[in-house]
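I opened my notebook with a few things to look up: pockets, a cavity, one helix and one proline. Here are the entries in the order I wrote them.

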Amino acid sequence: MTIDPLYVDDSLLVFDKPSGLLAVPGRGPDKQDCLAARAQARYPDALVVHRLDMATSGLMVMARGAHAQRALSRAFAAREISKRYVALVAGQPAAPSHGWGTIDLPIVVDWPNRPLRIVDSARGKPSVTRWRVLGPAGADATRVELEPVTGRSHQLRVHLREIGHPILGDALYAPPAVRAQASRLLLHARSLGFAHPATGEWMRLEAPPPF
């Protein structure tokens, strides 16, 4: 099943990954279908630069060729990529007083319960998320916008759980009642901004959330 890119040129591809599709292959023959494999079937020079959780939907960029991959990978490592997500969370978090708030809680793998992550002030790696309230989303849910400053696995999901407002439909971090409020994780990578690896031109791509 092919997925058409939202943007394509000689240096890169940008896709709107659906929830439930792996970004890259997993272990075992039943986990080989993924966005990377589908992209490479059509664009053999497509190379992975970053990932999204299987349950997360939204924008994912791939490089075309090693030069573009190196440039984009350096930009991600240097935090030169602008990333914005939208999520629906349980409850009604108080809006930060200055519009955007910051969640600064270190995250580490919960080894006995992999792939889960936990907040651990002693062993965790620095993990920072900026967030703001967009508005109500039903009787007891809120739409929020998220900007990950760091890029830890499950960072947004863990941070929102830690402040008492887990994401609806989160099978890993939400309590059963919150998990049952949606058939999927309501987290979507809405926008990406980055310098084009060949021209240096600043690019901004958008994909509205399907919820």
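**Entry: the second largest pocket**

I sorted the lining of the second largest pocket by class and got 3 nonpolar, 1 polar and 3 charged residues. This is a predicted model, so I am reading computed values throughout. The names in that lining are Ile-107, Val-108, Val-109, Arg-117, Lys-125, Arg-152 and Ser-153. Which strand supplies the largest share of this lining? I found that strand β7, residues 107–109, does so with 3 residues. For the volume of the second largest pocket I noted about 160 Å³.

**Entry: the largest pocket**

Next I turned to the largest pocket, which holds about 1400 Å³ of space. I counted 49 lining residues here, and the closest to the centre of the pocket are Arg-51, Leu-52, Asp-53, Ser-153 and His-154. I then asked which elements give two or more residues to this lining. My list reads α2 (66–77), β5 (82–90), β10 (141–148), α3 (155–162) and β11 (187–195). Of these, β11 gives the most, with 4 residues. By class, I wrote down 24 nonpolar, 13 polar and 12 charged residues for the lining of the largest pocket. Ser-153 turns up in my notes on both pockets: it lines the second largest pocket, and it is among the residues closest to the centre of the largest pocket.

**Entry: helix α3**

Since α3 contributes to the lining of the largest pocket, I looked at how covered the helix is. Is α3 mostly covered or mostly open? It is mostly covered, with 6 of its 8 residues buried. I listed the buried ones as Gln-155, Leu-156, Arg-157, Val-158, His-159 and Leu-160. After α3 comes Gly-164, and I read a positive phi there, near 90 degrees.

**Entry: the cavity**

How many cavities of 30 Å³ or more does a search of the whole structure find? I got 1, and the largest cavity holds about 30 Å³ of space. Its lining consists of Thr-2, Ile-3, Phe-15, Arg-38, Ala-39, Arg-42 and Tyr-43. Helix α1, residues 35–42, supplies the largest share of that lining, 3 residues. By class, I have 4 nonpolar, 1 polar and 2 charged residues around the largest cavity.

**Entry: Pro-209**

I found Pro-209 in the segment after β12 (202–206). Where does its accessibility place it? Pro-209 counts as partly exposed because its relative accessible area is 23%, and the partly exposed range runs between the 20% limit for buried and the 50% limit for exposed. Leaving out residues up to four places away in sequence, I noted that Pro-209 touches Val-86, Arg-143, His-188 and Arg-190. I also checked Ala-189, 20 residues from Pro-209 along the chain, and their C-alpha atoms are separated by 7.8 Å.

**Entry: the whole chain**

Last, I stepped back to the chain, where I counted 4 helices and 12 strands. A compact globule of 211 residues would have a radius of gyration near 17 Å, so the 17 Å I read for the chain agrees. The C-alpha atoms fill a box of roughly 45 × 40 × 40 Å along the principal axes. Buried residues make up 49% of the 211. The chain exposes about 10500 Å², and carbon and sulfur atoms supply 53% of this area. Among contacts between residues at least 6 apart in sequence, I noted that 59% join residues at least 24 apart.

Note on methods. Residues are numbered from 1 along each chain as its sequence is written. This is a predicted model: local features need pLDDT of at least 70, side-chain atom pairs count only at pLDDT 80 or more; totals for chains, interfaces and linings use all residues. Side-chain values use heavy atoms; hydrogens and water are left out. On a 1 Å grid over the protein atoms alone, a cavity is a set of points where a 1.4 Å probe fits but cannot get out, and a pocket is an open set with protein on both sides within 12 Å along at least five of seven lines; lining residues have an atom within 4 Å of a point. Grid points are joined across faces, edges and corners, and a volume is the space filled by probe spheres set on the points. Ala, Val, Leu, Ile, Met, Phe, Trp, Tyr, Cys and Pro count as nonpolar, Asp, Glu, Lys and Arg as charged, and the others, Gly among them, as polar. The radius of gyration is taken over C-alpha atoms; the globule rule is 2.2 Å times the number of residues to the power 0.38. Buried means under 20% relative accessible area, exposed over 50%, partly exposed in between (1.4 Å probe, protein chains only). Contact means heavy atoms within 4.5 Å. Accessible areas come from the Shrake-Rupley method with a 1.4 Å probe; for residues, only the protein chains shown count as cover.
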